[in-house]
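Hi everyone, thanks for making time. I'd like to walk you through one model today, and please keep your questions for the end.

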Amino acid sequence: MHPEAAPSAVAVPAEPLLRVEGLTKHFPVFRGFFRRRVGTVRAVDDVSFTLGRKQTLAVVGESGCGKTTAGRALLRLVEPDAGHVWFRGKNLPTLGADELRETRRHMQIIFQDPYSSLNPRHTIGQIIGRPLLLHGVCKTDAEAEDFVRALLERVGLQPKYISRYPHEFSGGQRQRIGIARAIALRPEFVVCDEAVSALDVSVRAQVLNLLMDLQDEFGLSYVFVTHDLSVVRHIADDVVVMYLGQIVEKAPRASMFARPSHPYTQALLSAAPEPDPAKRRKRIILSGDVPSPMNPPPGCRFHTRCPLAFDRCKIDTPAPHAVSDGHTVACHLYEGRTEPIDLAARIAG
Ligand code: SF4
C-alpha cells in the first residue's frame with residue numbers, strides 16, 4: 001500500500017454540538033425627549049467557544065459582564081449583531097423564521113425566575129402540553145396529558161399538579177416546572193440562565209442534581225450561565241470567565257480551579273467560599289468598580305483594576321494565549337509563559 005494511502009493514525013476530533021465564533025451584541029443607548037442615541041453598550045464582544053455533546057459549559061463573571069446576553073444571543077432570544085453559532089450543521093444567526101422555529105425545539109432555556117416565565121393564567125398542563133401539540137410530539141390532548149403527567153413525575157412533582165396554576169407552587173417547584181417545559185421537546189442543548197440562583201441552598205442542590213440526572217438520561221448539553229462558583233465546581237466540564245463582554249480565560253473545570261491564571265479569575269476565585277480550609281485562597285480585593293460597558297477601557301478591559309497592569313495593557317487588546325491543553329488566558333503576561341502568576345503573592349510582596 002502506498003504510504004499516503006495508509007489510514008491516518010491521527011484521530012479526527014468529533015465536531016462539537018455547538019460552535020460559537022465572534023459572537024457580538026451591542027445595545028444602543030437613547031436619552032432625552034428626542035431619544036437621541038448617546039452611546040452603545042458593548043454587552044458581548046467577539047466571544048468564541050465550543051460546547052461538546054453531553055457536556056456542561058459554565059459561563060461565569062460578575063453581573064453586567066455580558067454572560068446572560070451571550071446565553072440569550074445563542075438562542076436568538078436577542079439578535080446577535082455579528083458572529084456565528086453553528087448548531088446541527090446550521091448557522092443560527094442566518095436562519096429564516098421557519099427554519100429557526102424548527103431548530104428551536106432542539107434548544108431550550110431555563111430562566112432564573114421561573115415565575116415570570118410561566119403564564120399565570122395557564123395551568124401547568126397547558127404550559128407544558130401546548131408545545132407538544134404544536135410540534136406534533138403528541139397528536140391528541142389525551143396523549144399530551146399523559147406525556148405531561150409522566151414528565152412532572154420525572155422532575156419530582158406529583159402528576160396531579162397538572163391542573164394547578166403557577167402561583168400555587170413554591171420557587172423550587174416552579175423551577176422544576178421550568179425544567180419539565182424545557183425538556184418536553186427532547187432538546188439537545190439547554191441554556192440555564194442563573195437557573196438555581198434564586199433557590200435556597202438545599203433546594204439548589206436538589207435541582208442541580210436533577211439537571212445532572214436529566215443530562216445523563218437525555219444526553220443534554222448545557223450552557224450554564226452563573227455567578228456562583230460553587231455551582232460551577234459542581235456541574236461544569238468547562239468554564240469560561242467573562243469580563244466586560246469578553247472572555248478572559250477558558251479552561252476545563254479542573255484546570256480552572258487548580259491553575260487559575262488571569263488576574264481577574266484569581267480575584268474571582270479568591271472570593272468564592274471554600275469549605276476546605278486547606279484549599280482556601282488568600283483573598284484578593286480589586287480596587288475600583290467594573291467600568292461601564294458603555295465605555296469600556298481600551299486595550300485590556302481589565303487594566304483599570306488589574307494590579308499587574310503595565311503600559312502596553314492600556315493600548316493593546318490581549319490575545320488568548322494557551323497555557324495548557326484547552327486552557328487559554330487573554331493577558332499579555334502569558335505571552336510565552338504557561339505557569340500561573342500568583343497575584344496574591346505579588347500583591348503581598
Ligand atoms: Fe492585567 Fe495587563 Fe494582563 Fe490585562 S493584560 S490582565 S491589565 S496584566
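I'll talk about the ligand site, then the pocket, and finish with a few single residues.

One thing to keep in mind throughout: this is a predicted model.

Let's start with the ligand. Which residues surround the ligand? Going along the chain, we meet His 262 and Pro 263, then Cys 300, Phe 302, His 303, Cys 306, Leu 308, Ala 309 and Cys 313, and finally Cys 331, His 332 and Leu 333. If you sort that shell by class, you get nine nonpolar and three polar residues, with no charged ones.

Now, where does the ligand sit? The space it takes is the largest cavity. The structure holds three cavities of 30 Å³ or more, and the largest cavity comes to about 100 Å³. Its lining is made of 13 residues, and those nearest the centre are Cys 300, Cys 306, Cys 313, Cys 331 and His 332. By class, the lining of this cavity has 10 nonpolar residues, three polar and none charged.

With several cysteines on that list, you may wonder about bonds between them. How many disulfides does the structure hold? The count is zero. As for accessibility, Cys 331 has a relative accessible area of 10%, so it counts as buried, the cut-off being under 20%. Cys 138 is buried as well, at 3% relative accessibility.

On to the largest pocket. Its volume is about 570 Å³. There are 19 lining residues here, with Arg 104, Gln 108, Pro 131, Arg 181 and Leu 185 nearest the centre. The lining of this pocket breaks down into 12 nonpolar, three polar and four charged residues.

Which elements supply at least two residues each to the lining of the largest pocket? They are helix H2 (97-104), strand E6 (107-110), helix H3 (124-134) and helix H5 (171-183). H2 gives the largest share, with four residues.

Last stop: Val 207, which you'll find in helix H6, spanning residues 201-218. Is Val 207 buried or exposed? Its relative accessible area is 0%, so Val 207 is buried. It also has a partner from elsewhere in the chain: the C-alpha atoms of Val 207 and Arg 176 are 7.4 Å apart, while 31 residues separate the two along the chain.

That's my tour. Over to you for questions!

How values were computed
Residues are numbered from 1 along each chain as its sequence is written. This is a predicted model: local features need pLDDT of at least 70, side-chain atom pairs count only at pLDDT 80 or more; totals for chains, interfaces and linings use all residues. Side-chain values use heavy atoms; hydrogens and water are left out. A disulfide is a pair of cysteine sulfur atoms within 2.5 Å. Buried means under 20% relative accessible area, exposed over 50%, partly exposed in between (1.4 Å probe, protein chains only). On a 1 Å grid over the protein atoms alone, a cavity is a set of points where a 1.4 Å probe fits but cannot get out, and a pocket is an open set with protein on both sides within 12 Å along at least five of seven lines; lining residues have an atom within 4 Å of a point. Grid points are joined across faces, edges and corners, and a volume is the space filled by probe spheres set on the points. Ala, Val, Leu, Ile, Met, Phe, Trp, Tyr, Cys and Pro count as nonpolar, Asp, Glu, Lys and Arg as charged, and the others, Gly among them, as polar. A residue is near a molecule or strand if one of its heavy atoms lies within 4 Å of it. A molecule sits in a cavity or pocket if more than half of its atoms lie within 2 Å of its grid points.
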